[in-house]
Amino acid sequence: MQFFLDTGNVEEIKQALDWGILDGVTTNPTLIAKTGRPFMEVAREIVKLVDGPVSLETVSLDAEGMVREGRMLAELGDNVVVKIPMTPEGMKAVRILESEGIPTNVTLVFSPTQALIAAKAGATFVSPFVGRLDDISSDGLKLIREIKQIFENYDIDTQIIVASVRHPMHVVEAALIGADICTMPFDVMKKLFMHPLTERGIELFLKDWEKVPDRPF
């Protein structure tokens, strides 16, 4: 499974790159607005930092506007993926952009039929939002299982990005299902490293090390 960071914070991206586990980035105007910096300035910096896919979102609601914005975003780098909302106009834009060789990520997916439509439109990625479904007492991971099964049934190449990830167990369950990618906030990515027994083991090891005579380092 690939790990994407869902952020507009360049420092978080740099840290994840230092860890050596970052495969890509997803972001949106809301996340970039939190930085207080101009959208295109931040987007350009992220695209240059990350070797893998960087999903940048359009804001228009009509296909013509999405295509225009998508083309502009794609000029920032070969690794740009254009995020398009799951709407009829969005699917028109996906077809046009994909026909021009511009990869797309269909976002705000909450049902298997929406994912299937996005795949039929030619989307490179589809992003089901598991956390938001969980928030309304629905089963977000059930959606991932259903999409995965449908895509396997028909050998669909569209990759599944598990989005709206709230905690490490979302990542674990998505990996068990076989989703292609999890995109997560920086806080969740940090928690993937953590376990109390690991911390306790290091503490005990260091205590024992202090007892060793003539330590070389």
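**Figure 1. Surface and overall make-up of the predicted model.** The protein exposes about 11,400 Å² (Shrake-Rupley method, 1.4 Å probe; for residues, only the protein chains shown count as cover). Carbon and sulfur atoms supply 55% of that area. This is a predicted model: local features need pLDDT of at least 70, side-chain atom pairs count only at pLDDT 80 or more, and totals for chains, interfaces and linings use all residues. Residues are numbered from 1 along each chain as its sequence is written, and side-chain values use heavy atoms, with hydrogens and water left out. The protein has 11 helices and eight strands (DSSP runs numbered from the N terminus; helices are H or I, at least four residues, and strands E, at least two). Its C-alpha trace spans about 70 × 40 × 30 Å along the principal axes. Of the 217 residues, 44% are buried (under 20% relative accessible area, 1.4 Å probe, protein chains only; exposed is over 50%, partly exposed in between). Among contacts (heavy atoms within 4.5 Å) with a separation of 6 or more, 56% join residues 24 or more positions apart.

**Figure 2. Close-up of Thr27 in its loop.** Thr27 sits between strand E2 (24-26) and helix H2 (29-33). Its relative accessibility is 1%, so Thr27 counts as buried. A polar atom of the Thr27 side chain lies 2.9 Å from the backbone oxygen of Thr7. This is a polar contact (N or O atoms within 3.5 Å, one able to donate a hydrogen and the other to accept it; residues adjacent in sequence count only if both atoms are side-chain atoms). Beyond four places in sequence, contacts of Thr27 include Asp6, Gly8, Ile32, Ser55 and Lys83.

**Figure 3. Close-up of Glu69 in helix H4.** Glu69 belongs to helix H4 (residues 63-74). Glu69 is buried yet has no salt bridge (side-chain nitrogen of Lys or Arg within 4 Å of a carboxyl oxygen of Asp or Glu). The nearest side chain of opposite charge, Arg68, is 4.5 Å away. The Glu69 side chain instead reaches the backbone nitrogen of Val59 at 2.8 Å. Not counting residues up to four places away in sequence, Glu69 touches Thr58, Val59 and Ser60.

**Figure 4. Close-up of Met66, also in helix H4****.** Met66 is buried, because its relative accessible area is 0%. Leaving aside neighbours within four places in sequence, Met66 contacts residues including Thr58, Ser60, Leu61, Ile84, Pro85, Ala93 and Leu97. Thr198 lies 132 residues from Met66 in sequence and 47 Å away in space, C-alpha to C-alpha.

Conventions: Lys, Arg positive; Asp, Glu negative; His and termini not counted.
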